[in-house]
Amino acid sequence: MDFQNFFELAKEARGEAKAELVFRGGNVVNVFTGEIIQTSVAVTKGTIVGIGDRYVGKHEIDISGKYLCPGFIDGHIHLESTMLTPADLVEQAVKCGTTTYIVDPHEAANVSGADGIDYILDNTADVPANVYVMMPSCVPSLPIEDNGCVFDAEQMKRYLDNPRVLGLGEVMDYTAVINAAPDMTEKLALFDGKPKDGHAPGVSGKALNAYVLAGITNDHESASYEEVMEKRRLGMHIHVREGSAARNLESIVRGIVQSGQSVEGFSFCTDDKHIEDIHAEGHIDHCVRKAIACGMKPVDAIRMATINTARHYGLHHQLGAIAPGLQADFVVLDDLEQVTVHAVYHKGRDVSPFHAQYELPQGSPLRRTMHSLPVRPEQLNLPVGETSDIIRIIPSQIVTAHETARLPQENGFFVPDGTYSKIAVIERHHNTGRVGVGAVAGFGIRNGAIASTVSHDSHNLSVIGDNDADMLLAAEHLRKIGGGYTLVSGGKLLHTVPLPIMGLMSDAGFDTVQSELAAMIAKAHEMGVPEDIAPLTLLSFFALTVIPALRITPRGLFDVEQMRFIACK
């Protein structure tokens, strides 16, 4: 509450003076009571001063027949994963009704450390939205990683007084937490009493108890309702994730609806969602719409998108509802069940005129983050025997299965085919020359290769294909241009999306990035990648060593469940 202006605001709340702005006659969604009430909302200086039919405004907006909701909140997002600059992403997503973002900038931190975090903060300082940051807890995600920087507790201390820093980002090294590793304990203690984001896929029983004991307050990695409820019973808040590769919403929401479980303690998040999917589906509005389609009451779905998240992060005195004293962040809907967005307001102002203007200087070190050696052809050789360990794709999930089978081979080396693709992860931060090679079942690409420097969370260079020549061409092209995505077939570069900012983001603008991504994805499906697989997003997760079951790094195959390398290079 702005008490410097309280005297004047109170006069307006009492109806003794005109408010600056009144939204007249809409159906107001009350997330406290679950009611929908036809009334008006008065706003001055970006703050809601009153709710009722007798308010008069200097300016009035008639929203009769429409629905007025609190602005939506994304409970956990990596802005870098959209591939746009942070301000560009907000420009697009805020028009979908998402007025608040709880950001974990660990992608940027893994490449560029504190400089990457500062870039996220600076780039979002003046956008028409509320962008909060959680301090990255696992940079690197595990000690065995070949990432760009280390970000420790000492470096975190200078951010503690920043009002936009809310707590500790997702704690992916759950083994370090459970075993009370000193370095991890120091980070946990630094944020004692503040929100600590979790990352605990498949963690259960006594191990989960130890994880929660550390003060981890939420989780977004649950893929089933049963896993969700074990965590809820221990007090964890659940972010129901619907991103590009990991789509967990339907199974969890149907479980909530069928069991009659209260939605208290549940929120929505996108985690990692590419801009082409935001363009096609929407953002948090898509989560609300899909939850309603799964049988959830509209007001309950809106609660998950608003007040529940605000309460969890201690923002409920400012955001998440429509009530006097709260910030005037609104989504105006034409249709409640279809969640058709008519207009969006941040602090009482229409967001539609906003255009991102932040520019990163061409000479910035954040534009020069490719430090890798050219890959030699023999480095892609994968010796195989009677049986080999294989990464098996699980559609619509980022978890994988660990299989063993006899791979197609020639002269003792793996030869990819329609069933098994070859994957390589190339270290790109310190010129070590490390290249890890493995086999993937279910990707299906034929006559070509896809390469990416978006490769969670260390963001080395990943390339997958069915022949070494195209894989080498794709990898070398990204090395030369400073990072991005590229698709190669028959020795020709078909599509490329340069990501010159840390090898993660483009400042070419939404239209350029979205159109090229759409063309690349469509071509990848033409080349054999199944339609139920998001090829670029999935490729970016094959190296993430904190997601079960089998991953690939520049040092070789990594068994996440056993926390050990199977083969090293």
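Which strand gives the most to the lining of the largest pocket? In this predicted model, the answer is S8, which contributes three residues to that lining. The pocket itself encloses about 360 Å³ of space, and of the 16 residues that line it, Val 127, Pro 128, Ala 129, His 346 and Lys 347 are the closest to its centre. Two strands, S8 (130–135) and S16 (349–350), each supply at least two residues of the lining of this pocket. When the lining of the largest pocket is sorted by class, seven residues are nonpolar, five are polar and four are charged.

Beyond the end of S16, the chain enters the loop between S16 and strand S17 (388–393), and Gln 357 has its place in this loop. The relative accessibility of Gln 357 is 70%, so this residue counts as exposed. Although Gln 357 and Asp 126 are separated by 231 residues in sequence, their C-alpha atoms lie 9.5 Å apart in space.

Turning to enclosed space, a search of the whole structure finds three cavities of 30 Å³ or more. The largest cavity holds about 60 Å³ of space, and 16 residues line it, of which His 78, Glu 170, Asp 272, Phe 541 and Leu 544 are the closest to its centre. By class, the lining of the largest cavity is made up of five nonpolar, five polar and six charged residues. The second largest cavity has a volume of about 50 Å³, and the residues that line it include Pro 70, Gly 71 and Ile 73, the pair Thr 99 and Thr 100, and a group formed by Gln 318, Leu 319, Gly 320 and Ala 321, together with Gln 327 and Asp 329. In the lining of this second largest cavity, four residues are nonpolar, six are polar and one is charged.

Among the elements of secondary structure, three strands form an open sheet in the order S27-S28-S29, with antiparallel pairing. Strand S27 (550–553) and strand S29 (564–565) stand at the edges of this sheet, and each has a single partner strand, so one side of each is left without a neighbour in the sheet. The antiparallel strands S27 and S28, the latter spanning residues 556–559, are joined by four bridges. One of the residues in this pairing is Leu 550, whose bridge partner in S28 is Asp 559. In general, the strands of a sheet pair through backbone hydrogen bonds, in either a parallel or an antiparallel manner.

With regard to covalent cross-links, the structure holds zero disulfides, a disulfide being counted where two cysteine sulfur atoms lie within 2.5 Å. For Cys 138, the closest cysteine sulfur belongs to Cys 149 and lies 15 Å away, which is too far for a bond. Cys 138 has a relative accessibility of 2% and therefore counts as buried. For Cys 287, the closest cysteine sulfur is that of Cys 269, at 7.6 Å, a separation that is likewise too far for a bond. Cys 287 is also buried, because its relative accessible area is 0%, and burial is assigned under 20%.

Key
Residues numbered from 1 in each chain as written. Predicted model: local features only at pLDDT ≥ 70, side-chain atom pairs only at ≥ 80, totals over all residues. Heavy atoms only, no water. 1 Å grid on protein atoms, 1.4 Å probe; cavity = no way out; pocket = protein on both sides within 12 Å on 5 of 7 lines; lining within 4 Å. Points joined across faces, edges and corners; volume = space filled by probe spheres on them. Nonpolar A, V, L, I, M, F, W, Y, C, P; charged D, E, K, R; others polar. Pairing = 2+ DSSP bridges. Buried < 20%, exposed > 50% of the residue type's maximum accessible area, 1.4 Å probe, protein only.
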